[in-house]
Amino acid sequence: MAKDRVVLAYSGGLDTSVAIGWIGERTGAEVVTVAVDVGQGGEDLETIRQRALDCGAVEAYVADARDEFASEYCMPALKANALYMDAYPLISAISRPVIVKHLVAAARQFGATTVAHGCTGKGNDQVRFENGITSLAPDMHCISPVRDLALTREFAIDYANKHDLPIETTHHNPFSIDQNVWGRAIETGFLEDLWNAPTKDVYNYTDDPTYPPLPDEVVITFKEGIPVAIDGRDVTPLQAIQEMNKRAGAQGIGRIDIVEDRYVGIKSREIYEAPGAMALIQAHRDLEHITMDREQARFKRTVVDRWSDIVYEGQWFSPLKRSLDAYIEDTQQYVTGDIRMVLHGGRAVVNGRKSETSLYDFNLATYDAGDSFDQSHAKGFIELTGLPAQLAAARDVKFGRGVAIGKAKLN
């Protein structure tokens, strides 16, 4: 009789390497590992695949999903200018759905009925993984070795040493780090004391903005909300992010220090680095300022706030997310043009905008000769827009509830 199989989200690190054998011992199931490259760097996929097999996996599924991640997950976030709590560009939150997609694909391919992940019971990622998995595969079960099978860090080190697993073990690891091409997230260690400032060793994607190199001027070309060229050179979404990571990172752009409201109800101090993401969002937002209608842009901000919240909360595959996607996508049809910006000393500053689909009319905006704006229309506009407040004020005066205005003191 064939054994049950569990698909495990596999990073190649200590905890998930130990989890291969630990899941087998605790559940009696065979383990299939899934490693997905979303631009996190480090070891190549073949090395990770072989390590999984050496640690006891019966199958090892690997996927280079960098282009897929950039095009299908980072670009929607860019079109939305998505920032959770107006600060966090959803680095980890948007990478979980693409990993989930491959976990489910591997589960179908190798006949698994359960999917395992390495999340703890305190974080957001457990929600993102499990909600994503059950949204794509309602028949699947989910487990977490750390949360459900009592796999602690100390036990993992001892287990690896006892079983001579081909993985480096150490008790010293001050930070918890998650990274991909969209950015880098750092937490725990001395950062949990909110009064402690981040030290230099926290950062990797960005250089110190205190001593920047010379200013770097860049022109980013967008087509329907997506960057398609940098300084006149055609780029894919992945190449655009990678180049802006390098150039904005060299200027120390994209460092974020925030006390974040986790979905599970606790507050957590998080350090993020997202040089490419933050520079691209700044450029994209500025292009929207000249290509989107005022009321459309105003309502988009409301939509994006909700979009960012539900993506943060692990609802990438939800019906509401799909509906909000449709609105955001519609807003992007004219977001085409060039943005020129200067990268320097931790800041990305737009200093030029150009678009054939722009709503900016020079002849209406100018105060010089050639002004085509009919100022005689302004008086009636003011009277009509102010009429509701005027009527309400008259009623307040009638019933003795008018606004009290103190007398100005004269010297």
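**Exercise 1.** Which residues do ring pairs link into a cluster?

*Solution.* In this predicted model, the cluster consists of Phe-69, Tyr-73, Trp-307 and Trp-316. A charge can then be added to the picture: Lys-321 lies over the face of Trp-316, 3.6 Å from the ring centre.

**Exercise 2.** Classify the ring pair of Phe-155 and Tyr-159 and state where the two residues lie.

*Solution.* Start with the search of the whole structure, which finds 11 aromatic pairs. For Phe-155 and Tyr-159, the ring centres are 5.8 Å apart and the planes meet at 40°. An angle over 60 degrees would be edge-to-face and one under 30 stacked, so this pair is tilted. Both residues belong to helix H7 (residues 153-162), 4 residues apart, or about one turn of the helix. Next, take accessibility: Phe-155 has 32% and is partly exposed, whereas Tyr-159 has 8% and is buried.

**Exercise 3.** Classify the ring pair of Phe-299 and Tyr-327 and place it in the chain.

*Solution.* The centres of Phe-299 and Tyr-327 are 5.4 Å apart, and their planes are at 85°, so the pair is edge-to-face. Phe-299 sits in helix H10 and Tyr-327 in helix H11 (residues 319-331); at 28 residues apart, they link distant parts of the chain. Phe-299 is partly exposed at 46%, and Tyr-327 is partly exposed at 22%.

**Exercise 4.** Describe the lining of the second largest pocket.

*Solution.* The space in this pocket is about 390 Å³. Its lining has 18 residues, and those closest to the centre are Asn-81, Arg-285, Glu-288, Ala-297 and Arg-301. Helix H10 gives the largest share, 8 residues. By class, the lining has 9 charged, 6 nonpolar and 3 polar residues.

Notes:
Residues numbered from 1 in each chain as written. Predicted model: local features only at pLDDT ≥ 70, side-chain atom pairs only at ≥ 80, totals over all residues. Heavy atoms only, no water. 1 Å grid on protein atoms, 1.4 Å probe; cavity = no way out; pocket = protein on both sides within 12 Å on 5 of 7 lines; lining within 4 Å. Points joined across faces, edges and corners; volume = space filled by probe spheres on them. Nonpolar A, V, L, I, M, F, W, Y, C, P; charged D, E, K, R; others polar. Phe/Tyr/Trp six-rings, centres within 6.5 Å; stacked < 30°, edge-to-face > 60°. Buried < 20%, exposed > 50% of the residue type's maximum accessible area, 1.4 Å probe, protein only. Lys NZ or Arg CZ within 6 Å of the ring centre and 35° of its normal.
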